[in-house]
Amino acid sequence: MQMVQLAHGSGGIQTQEFIEKVFEKYLGEFFVSKREDAGVFIANGKFASSTDSYVVNPLFFSGGDIGKLSICGSSNDVLMMGAIPRYITIGFIIEEGLEVEVLECVLESMRSEIKKTQLKILSADTKVVEKGSVDKLFINTTAIGEVIEDISIKNLQEGDVIILSGSIGAHGGVIFCARNEVNLNSSLKSDCKQLYSMFAKVFSNHGLIHTMRDATRGGIASVLNEWCESCDMDILINEESIPVSSEVQGICEILGLEPYVLANEGTCVLAVAKKDAIRVLELLHMHEDGKEACIIGEICKKSSSNARVILKNAWGGMRFLDHPQGELLPRIC
């Protein structure tokens, strides 16, 4: 079996062999049930769920691939609602002719990522479509998480401190470099990772976080503007406090971009009460992935009729940070 064929998605003997020899080889140990139409789980309490589809181009990039991205993305989405990721469903849409070796590399990456948490696969599905119907491989995932913290955009308050969990722009910068039409050499790696382990200690100290959001498409510019509009207050950001790697800064200078609008897949923004900010930073700094966590600004009363995100530079100059316009780069995730 070297290439995926339409018969592998027909539901017959080839499908069963495909599932057993390829998918179960890598993901079988994580399934709640096998050979059933649905997975069954017992729930008692409050849960969060998030669905996303992954169509990133290219499939493999520095620091990750579509498989790792699909697990991290949905796992992080439920985490942003104060939930421990528990279950995930996975749907594969595969183009006829995809090399099985490529698919196995993706599955191995997914397996490696799932092993880092207590995630279980509740159900999964595979579809094979005619050549040209999709670009190699698309993956859809739905994560289900057990809510243990009351985290919501509705909790934003005047005086809240804005914390960034790490440096920005790495994923967007990597995808830019990986595209054929952007021929740049860089040692930069995507920040793609699951964030729950970094926040486990923060969550164990209940009530510290008002709201949080992973800064994926549109970067921190999108997140901050959504928060600003939701709470109808200004958000003042100290530009020099935002960690940006030299590699990302270099890419932005070459391409005429701002790092604030670049996608991230392992960096999030959170709002906490001023009295709790130092404690949250201490807890984040205890984890390897949280070493760069820092305070970048605060929520304050709006200075005009429209609430805006305001960037303050090192010399005291101020400018507005607006919502990203248009599509910077399609199929970023």
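## Close-up views of a predicted model

**View 1. Strand β7 meets strand β11.** Valine 161 stands opposite glutamate 298 in β11. Keep in mind as you look around that this is a predicted model. A little further along, isoleucine 163 faces isoleucine 295 of β11. The two strands, β7 (residues 161-164) and β11 (residues 294-300), run antiparallel and are joined by four bridges. What holds paired strands together in general? Strands of a sheet pair through backbone hydrogen bonds, and they can do so in a parallel or an antiparallel way.

**View 2. Strand β7 meets strand β10.** β7 also has β10 (residues 268-272) as a partner, again antiparallel and again with four bridges. Look for isoleucine 162 here: alanine 271 is its bridge partner in β10. Now check the two faces of β7: are they covered or open? Both are covered, with Val161 and Ile163 buried on one side and Ile162 and Leu164 buried on the other.

**View 3. Strand β9 lines up with strand β11.** β9 (residues 234-238) pairs with β11 through four bridges, in the antiparallel sense. Aspartate 234 sits across from cysteine 300 of β11. Leucine 236 has glutamate 298 of β11 opposite it, and glutamate 298 is also the residue facing valine 161.

**View 4. The whole seven-stranded sheet.** Step back and you can follow an open sheet strand by strand: β8-β10-β7-β11-β9-β12-β13, with mixed pairing. Which strands sit at the edges? They are β8 (209-214) and β13 (318-320), each of which pairs on one side only. Neighbouring strands in this sheet are turned by 25° against each other on average, ignoring direction. Helix α8 packs on the sheet and touches β7, β10 and β11. The direction of α8 makes about 10° with the direction of β7.

**View 5. The largest nonpolar core.** This core has 47 residues, and the ones touching the most other members are Leu27, Phe92 and Leu137. Plenty of elements chip in: α1 (13-27), α2 (66-79), β4 (83-95), α3 (100-114), β5 (120-129), β6 (137-147), α4 (170-178) and α7 (246-255) each give at least two residues. Which one gives the largest share? That would be α3, with six residues. Zoom in on phenylalanine 92 and you'll find it touching, among others, Phe23, Leu27, Leu107, Met110, Leu137, Phe138 and Ile139, leaving out residues up to four places away in sequence. Its contacts also include Asp125, Thr126 and Lys127. Apart from this core there is another one, with 27 residues, including Ile162, Trp227, Met233 and Ile299.

**View 6. A salt bridge between lysine 274 and glutamate 298.** Here the two side chains meet, with N and O 3.5 Å apart. The pair links distant parts of the chain, 24 residues apart: lysine 274 is in the loop between β10 and α8 (277-285), while glutamate 298 belongs to strand β11. Are the two partners buried or exposed? Lysine 274 counts as exposed because its relative accessibility is 52%, over the 50% cut-off. Glutamate 298 comes in at 28%, so it counts as partly exposed.

**View 7. Two salt bridges that join a buried residue to an exposed one.** In the first pair, the side chains of glutamate 113 and lysine 116 meet at 3.3 Å, N to O. Glutamate 113 is buried, with a relative accessible area of 3%, whereas lysine 116 is exposed at 56%. In the second pair, aspartate 276 bridges to lysine 275, and their closest N and O atoms are 3.2 Å apart. Why does aspartate 276 count as buried? Its relative accessibility is 13%, and buried means under 20%. Lysine 275, at 72%, counts as exposed.

**View 8. A small network of charged side chains.** How many salt bridges does the structure hold? There are 16. Glu29, Glu108 and Arg111 are linked in a network of them, so try finding these three side chains together.

Terms used. Residues are numbered from 1 along each chain as its sequence is written. This is a predicted model: local features need pLDDT of at least 70, side-chain atom pairs count only at pLDDT 80 or more; totals for chains, interfaces and linings use all residues. Side-chain values use heavy atoms; hydrogens and water are left out. Buried means under 20% relative accessible area, exposed over 50%, partly exposed in between (1.4 Å probe, protein chains only). Two strands pair if DSSP finds at least two bridges between them. A nonpolar core is a set of buried Ala, Val, Leu, Ile, Met, Phe, Trp, Tyr and Cys residues joined through side-chain atoms within 4.5 Å. Contact means heavy atoms within 4.5 Å. A salt bridge is a side-chain nitrogen of Lys or Arg within 4 Å of a carboxyl oxygen of Asp or Glu. Axes are lines fitted to C-alpha atoms, for helices over the stretch in contact, and angles run from 0 to 180 degrees between N-to-C directions.
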